[in-house]
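User: I'm new to reading protein models and would like a close look at a single part of this one. Could you walk me through it, and then show me what else is going on around the chain?

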Amino acid sequence: MEIIISSTYEEMSKAAAKAVAELLNSKPNAVLGLPTGSTPIGVYKELARMHKSEGLDFSRVTTFNLDEYVGLKKDHPQSYHYFMHENLFKHINIPKQNVYIPSGTTDNYAAFCQWYERRIKECGGIDMQLLGIGSDGHIGFNEPSSSLGSRTRIKTLARPTIEDNARFFEKIEDVPIYAITMGVGTIFEARKIVFLANGANKADAVAKAIEGPVTSMITASALQLHPDVTAYLDRAAAGKLTMIDYYEWVQAKGPGAPKQ
Ligand code: GLP
């Protein structure tokens with residue numbers, strides 16, 4: 001895993017956005033996997049800026065979002081549909097029909113999940129999957145104990161996740177307890193993974209994900225088995241990594257390393 005540590009959230013967001021832009025410049029019809037949460041907002045802001053001032057083109061891009069709350073309509077202010085529209089899609093030139101987000105209101109979840117998996121394959125698979133991490137180490141809504149081979153399905157949220165996400169709702173009872181999420185196995189099939197984390201409250205989960213054993217109790221730890229992951233961290237989120245000196249040494253020496 002390549003680990004890039006930035007001194008600020010802005011710097012981290014710009015570095016990750018640059019990786020997305022490089023992909024889109026070399027493959028204008030790339031398929032992106034996208035997360036929600038506060039972590040990727042800086043990346044989305046930077047992508048919107050690049051679209052506006054540098055002409056970064058999304059007209060042939062396809063996106064698949066990781067997850068959605070069960071029971072929230074698309075126009076609910078806390079739905080991930082709404083979040084994506086407000087934070088990214090309304091600022092770029094992506095055609096509406098190229099945007100896929102799991103439905104939180106289908107009347108047949110099993111069929112929807114199968115269709116979602118099939119659409120990802122029909123679109124050629126995900127070229128780059130962006131990911132945040134929950135404080136309990138989850139990716140998407142793959143809570144601790146999720147199968148590392150899991151596919152898109154309904155998950156019951158764990159208590160720490162409900163508590164973390166309560167800040168966006170009026171009261172904790174309003175937080176949905178079910179979500180539809182891509183599985184760890186689905187995420188794992190992306191060709192490249194961009195893993196993002198900022199803030200001291202993520203330091204424990206980040207250390208377990210990157211340096212701990214691979215375990216379904218920290219579903220992000222499955223990323224250790226993926227051949228192409230870059231982790232973009234700010235200094236606070238990197239604060240509990242035991243090998244931080246090494247990662248910074250590699251980062252500093254990187255540009256001078258022999259070409260492979
Ligand atoms: C939710 C989302 C995850 C996200 C996590 C962390 O659980 N399903 O995809 O990574 O929140 O969110 P935040 O970035 O706000 O800390």
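Analyst: Let's start with V250, which sits in helix α8, a stretch covering residues 244-253. Keep in mind that this is a predicted model. Is V250 buried or exposed? The answer falls in the middle: V250 has a relative accessible area of 40%, so it counts as partly exposed.

V250 also has company. Together with M243, Y246 and W249, V250 makes a nonpolar surface patch of about 430 Å². One member, M243, belongs to the loop between β10 and α8. Like V250, M243 gets the label partly exposed, here with a relative accessible area of 39%. To get a feel for distances, take V250 and P28: going C-alpha to C-alpha, they are 31 Å apart in space, while in sequence 222 residues separate them.

Now follow the chain back from that loop into β10, and you reach the sheet. How many strands does the sheet have, and in what order? It is an open sheet of 7 strands with parallel pairing, and reading across it you meet β1-β10-β9-β6-β2-β3-β5. The two edges are taken by β1 (2-6) and β5 (99-100). Each of these has a single partner strand, so one side of each is left without a neighbour in the sheet. As a bit of background, strands of a sheet pair through backbone hydrogen bonds, either parallel or antiparallel.

Zoom in on one pairing. Strand β9 (residues 192-197) and strand β10 (residues 229-234) run parallel and are joined by 5 bridges. If you want a spot to click on, try A197, which stands opposite L233 in β10. Then there is helix α1 (residues 9-26), which lies across several strands: β1, β2 (31-34), β6 (128-131), β9 and β10. Against β10, helix α1 runs at about 155°.

Time for the charged side chains. Side chains of opposite charge can pair when their charged atoms come close. A search of the whole structure turns up 14 salt bridges. One of them joins the side chains of D127 and K27, at 2.9 Å from N to O. Why is this pair worth a look? D127 lies in the loop between α4 (109-122) and β6, and K27 lies in the loop between α1 and β2, so the salt bridge ties together parts that are 100 residues apart in sequence. The two partners have different surroundings: D127 is buried at 7% relative accessibility, whereas K27 is partly exposed at 31%.

Another salt bridge stays inside one helix. The side chains of E46 and R49 meet at 3.0 Å, N to O. Both residues are in helix α2 (residues 41-54), and because they are 3 residues apart there, about one helical turn separates them. E46 is buried, with a relative accessible area of 8%, while R49 is partly exposed at 36%.

A further example pairs D174 with K171, whose closest N and O atoms are 3.2 Å apart. Here D174 is partly exposed at 32% relative accessibility, and K171 is also partly exposed, with a relative accessible area of 43%. Finally, back to K27 and D127: salt bridges that share partners join these two and R191 into one network.

Technical notes. Residues are numbered from 1 along each chain as its sequence is written. This is a predicted model: local features need pLDDT of at least 70, side-chain atom pairs count only at pLDDT 80 or more; totals for chains, interfaces and linings use all residues. Side-chain values use heavy atoms; hydrogens and water are left out. Two strands pair if DSSP finds at least two bridges between them. Helices (H or I, at least four residues) and strands (E, at least two) are DSSP runs, numbered from the N terminus. Contact means heavy atoms within 4.5 Å. Axes are lines fitted to C-alpha atoms, for helices over the stretch in contact, and angles run from 0 to 180 degrees between N-to-C directions. Buried means under 20% relative accessible area, exposed over 50%, partly exposed in between (1.4 Å probe, protein chains only). A salt bridge is a side-chain nitrogen of Lys or Arg within 4 Å of a carboxyl oxygen of Asp or Glu. Patches are made of residues with over 30% relative accessible area and no salt bridge: like charges are joined within 9 Å, nonpolar side chains (Val, Leu, Ile, Met, Phe, Trp, Tyr) within 5 Å. Accessible areas come from the Shrake-Rupley method with a 1.4 Å probe; for residues, only the protein chains shown count as cover.
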